[in-house]
2 protein chains.
Amino acid sequence: MTQEKIDPRVLRTRKSIMDAFIELSTKKEFKDITVKDITTEAMVNRATFYAHFEDIYDLLEKVLSEVFLINLDHRILAENTFNEETVVSIFTAITNFQRSLSSRCHRGYEDTIARIIRDQLDVIFNKLLAAKHAEKDDDIVKRTTTMLSWGIYGASVEWRKNSMHLSPEVFIKKAIPFIFTGVELSYVGGDGDV
Amino acid sequence: MTQEKIDPRVLRTRKSIMDAFIELSTKKEFKDITVKDITTEAMVNRATFYAHFEDIYDLLEKVLSEVFLINLDHRILAENTFNEETVVSIFTAITNFQRSLSSRCHRGYEDTIARIIRDQLDVIFNKLLAAKHAEKDDDIVKRTTTMLSWGIYGASVEWRKNSMHLSPEVFIKKAIPFIFTGVELSYVGGDGDV
DNA sequence: GCCAATCTGTTGGGTAAACAACATATCTCA
DNA sequence: TGAGATATGTTGTTTACCCAACAGATTGGC
């Protein structure tokens with residue numbers, strides 16, 4: 001696709017900065033972490049940090065995106081199809097991601113995290129839906145993507161708030177009829193009634 | 001002392017090459033490890049390897065020296081005194097080092113390893129003895145150092161061959177009288193009779 | 001034997017990272 | 001309030017590393 005060999009020095013530096021940040025996150029709160037802390041831990045020059053990231057918020061964003069992506073089941077995405085399994089898999093990834101975040105401490109950045117997750121969902125859903133509906137109007141696909149991203153994310157918020165006694169899988173399956181047939185809810189496949 | 005800030009890139013690169021080598025050593029025999037293998041594992045360019053090491057034997061040597069040094073009790077060395085405790089501590093380090101080597105596989109390099117250990121011992125003993133006998137003839141110290149290095153190393157070989165049923169500590173304590181009083185064996189301190 | 005493949009060790013030109021130095025916030029505590 | 005300390009970004013120069021390409025040595029199969 002669109003990857004023109006990246007210099008291994010760049011990869012190493014980025015990884016070591018991100019690893020350092022993740023490491024520090026387990027020891028201090030985000031607000032107490034300075035760029036100096038990170039570069040010291042990562043054994044890179046402070047100027048090098050700014051060659052790779054806008055600032056510490058940019059780093060936070062990129063780290064979170066990456067951690068979220070790691071939670072995704074790449075086998076599912078690789079198939080590039082959009083079906084019930086896809087939805088369940090992605091929803092599970094969101095809940096896992098949020099669980100892993102709550103163990104580290106990023107208090108006060110819920111909004112940032114929410115935006116990052118939705119952005120990622122948007123990219124993923126857009127790719128999957130564009131493949132499924134190659135012939136359709138781009139804007140239709142975009143509007144659908146937006147609705148899905150916000151909707152699924154909202155579902156995860158609702159799950160966390162009121163329904164953690166249900167498994168993420170069981171929970172999201174109740175949304176499958178809407179996702180696949182809209183408000184008619186005429187979906188009959190799978191086991192939406194579990 | 002004699003340390004003029006080393007560029008952190010150099011430190012990182014060296015460490016990552018050495019780590020890669022140690023990692024590979026647990027999977028393959030030394031003779032099957034190529035420079036390419038190491039640099040690939042270490043994520044550095046092959047040319048960079050040659051900027052830091054003569055060749056793969058040079059690397060082996062430096063890695064082993066370092067691993068051996070790690071085995072040493074730095075508290076003992078820091079005191080910079082030469083006494084019974086020093087001897088026991090160093091002897092124990094040698095036996096530990098050899099034990100850790102036998103679990104990795106460097107078959108066919110016993111001679112190299114022996115030389116490395118003796119070289120390290122020589123440096124250490126020379127430092128300790130020079131401090132103890134600052135006023136003595138340098139050559140006397142050097143000759144003593146040589147005898148000690150070879151002697152202690154020989155003792156470790158003998159221990160491995162015929163006396164592994166004894167603890168290294170018990171074993172080497174029987175040599176303490178000779179080390180501290182020469183062939184008169186008139187040493188009376190410590191518990192040489194355990 | 002011989003050829004193809006692989007490994008070793010070296011080179012020159014290009015690029016990422018180190019470093020020091022600077023101006024500009026933000027903090028902190030007397 | 002204001003002065004000293006610490007953090008943020010930025011810049012120009014130097015240095016370590018990347019890379020491609022090379023010749024020569026070793027290895028392994030037919």
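Colleague: What share of the contacts in chain A with a separation of 6 or more comes from residues 24 or more positions apart?
Modeller: Keep in mind that this is a predicted model. A contact here means heavy atoms within 4.5 Å. Looking at the contacts in chain A with a separation of 6 or more, residues 24 or more positions apart account for 61%.

Colleague: OK, and how many helices and strands does chain A have?
Modeller: Follow chain A from the N terminus and the elements run α-α-α-α-α-α-α-α-α-α. That run has no strand in it, and the count for chain A is 10 helices and 0 strands.

Colleague: What percentage of the residues of chain A count as buried?
Modeller: Buried means under 20% relative accessible area. Chain A has 194 residues, and the share of them that passes this test is 39%.

Colleague: So is S25(A) buried or exposed?
Modeller: First, find S25(A) in helix α1 of chain A. Its side chain reaches the backbone oxygen of F21(A) at 2.8 Å. The relative accessible area of S25(A) is 2%, and the cut-off is under 20%, so S25(A) is buried.

Colleague: Where does UniProt place the "DNA-binding region" in chain A?
Modeller: The label comes from an unreviewed UniProt entry. In the model, the stretch it covers is 75% helix and 0% strand, with its end C-alpha atoms 14 Å apart. The UniProt record puts the feature at residues 34–53.

Colleague: Which residues are the closest to DNA strand D?
Modeller: Altogether, 22 residues surround DNA strand D. On the DNA side, sugar and phosphate make up 65% of the strand D atoms that come within 4 Å of the protein. The closest residues are R9(A), R9(B), T13(B), N45(B) and T48(B).

Colleague: Which residue has a polar backbone atom 2.9 Å from a phosphate oxygen of DNA strand D?
Modeller: Let's go through some candidates. K5(A) uses a polar side-chain atom, and that atom lies 3.2 Å from a phosphate oxygen of the strand. V35(A) does offer a polar backbone atom, but at 3.3 Å from a phosphate oxygen. The one at 2.9 Å is N45(B).

Colleague: Which elements of chain B give two or more residues to the surface near DNA strand D?
Modeller: Chain A contributes α1 (8–25), α2 (35–42) and α3 (46–52) to that list. From chain B, the elements are α1 (8–25) and α3 (46–52).

Colleague: Last one: how many residues of that surface near DNA strand D are charged?
Modeller: Asp, Glu, Lys and Arg count as charged. The surface also has 8 nonpolar and 5 polar residues, and the charged ones number 9.

Key: Residues are numbered from 1 along each chain as its sequence is written. Chains are lettered from A and ligands numbered from 1 in the order in which they are written. This is a predicted model: local features need pLDDT of at least 70, side-chain atom pairs count only at pLDDT 80 or more; totals for chains, interfaces and linings use all residues. Side-chain values use heavy atoms; hydrogens and water are left out. Helices (H or I, at least four residues) and strands (E, at least two) are DSSP runs, numbered from the N terminus. Buried means under 20% relative accessible area, exposed over 50%, partly exposed in between (1.4 Å probe, protein chains only). UniProt positions are given in the numbering used here, feature names are shortened, and annotations may be inferred rather than shown by experiment. A residue is near a molecule or strand if one of its heavy atoms lies within 4 Å of it. A polar contact is a pair of N or O atoms within 3.5 Å; within protein, one must be able to donate a hydrogen and the other to accept it, and residues adjacent in sequence count only if both atoms are side-chain atoms.
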